[in-house]
Amino acid sequence: MSKKVEPDFSQEPGPALHSARWRFGAYELDETRRELLRSGELLAIEPKPLNMLMLLLRHPGELVTKTELLDALWTGRMVNEAVVCNCVSSVRDVLGDDGRSE
């Protein structure tokens, strides 16, 4: 049985469901403002990749499956699994991660 990943971000950009501020490396994500900064500089990020990043930050050290991402980010929509890969690529591009390092 698969775990349910919350929250449902299908109504982006919408208000954040948490008022969390996440700090990781040189990055800071403010959920209330829906802003991602690197060393204080505002980064451009589309709503869906931002929602994915917020969801992953809420589940540190946990495996989040493609199915769980699809259910949480594209609720009730018929989409191909490739959209998850594209969204992950967008997040990596914004974070400057080429996918080669751990």
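Helices (H or I, at least four residues) and strands (E, at least two) are DSSP runs, numbered from the N terminus. With that in hand, the chain shows 3 helices and 4 strands. This is a predicted model, in which local features need pLDDT of at least 70, side-chain atom pairs count only at pLDDT 80 or more, and totals for chains, interfaces and linings use all residues. Residues are numbered from 1 along each chain as its sequence is written, and side-chain values use heavy atoms, with hydrogens and water left out.

**View 1. The whole chain follows the pattern β-β-β-β-α-α-α along the sequence.** Of the 102 residues of the chain, 34% count as buried; buried means under 20% relative accessible area, exposed means over 50%, and partly exposed lies in between (1.4 Å probe, protein chains only). A contact is a pair of heavy atoms within 4.5 Å. Among contacts between residues at least 6 apart in sequence, 47% join residues at least 24 apart.

**View 2. Four strands form an open sheet in the order β1-β2-β3-β4, with antiparallel pairing.** At the edges stand β1 and β4 (41-43), each with a single partner strand, so one side of each has no neighbour in the sheet. On average, neighbouring strands are turned by 25° against each other, direction ignored. For angles such as this, axes are lines fitted to C-alpha atoms (for helices, over the stretch in contact), and angles run from 0 to 180 degrees between N-to-C directions. Two strands count as paired if DSSP finds at least two bridges between them. In general, strands of a sheet pair through backbone hydrogen bonds, either parallel or antiparallel.

**View 3. Strands β1 (residues 21-24) and β2 (residues 27-30) run antiparallel and are joined by 4 bridges.** Look for Trp-22, whose bridge partner in β2 is Leu-29. The hairpin has 2 residues between its strands, and Gly-25 there takes a positive phi near 60°. This is also a good place to find the 1 aromatic pair of the structure. The ring centres of Phe-24 and Tyr-27 are 5.5 Å apart and their planes lie at 15°, so the pair is stacked. (Rings of Phe, Tyr and Trp, with its six-membered ring, pair if their centres lie within 6.5 Å; planes under 30 degrees apart count as stacked, over 60 as edge-to-face and the rest as tilted.) Phe-24 is partly exposed at 21% relative accessible area, whereas Tyr-27 counts as buried at 13%.

**View 4. Two loop residues, Arg-34 and Ser-39, have positive phi values.** Most residues other than glycine have a negative phi, and most peptide bonds are trans. Arg-34 has phi near 55° and is found in the loop between β2 and β3. Ser-39, with phi near 50°, lies in the loop between β3 and β4. Buried or exposed, what is Arg-34? Arg-34 is buried, with a relative accessible area of 17%. Ser-39, by contrast, is exposed at 62%.

**View 5. Strand β2 also pairs with β3 (residues 35-38), running antiparallel through 4 bridges.** Here Asp-30 stands opposite Glu-35 in β3. Helix α1 (residues 47-57) packs on the sheet, touching β1, β2 and β3, and its direction makes about 100° with that of β2. Helix α3 packs on the sheet as well, touching β1, β2, β3 and β4, with its direction at about 40° to that of β3.

**View 6. Helix α1 has 9 of its 11 residues buried, so it is largely enclosed by the rest of the structure.** Among the buried residues of α1 are Lys-48, Pro-49, Asn-51 and Met-54. What do the buried residues of α1 pack against? They pack against β1, β2, β3, α2 and α3.

**View 7. The axes of helix α2 (residues 66-73) and helix α3 (residues 82-95) come within 10 Å and cross at roughly 85°.** That makes α2 roughly perpendicular to α3; angles under 35 degrees count as roughly parallel, over 145 as roughly antiparallel, 65 to 115 as roughly perpendicular and the rest as oblique. Lys-66, Leu-69 and Leu-70 in α2 meet Val-83, Val-84 and Cys-85 in α3. By class, this contact of α2 with α3 has 5 nonpolar, no polar and 1 charged residues. (Ala, Val, Leu, Ile, Met, Phe, Trp, Tyr, Cys and Pro count as nonpolar, Asp, Glu, Lys and Arg as charged, and the others, Gly among them, as polar.) The buried residues of α2 are Glu-68, Leu-69, Leu-70, Ala-72 and Leu-73, and they pack against α1 and α3.
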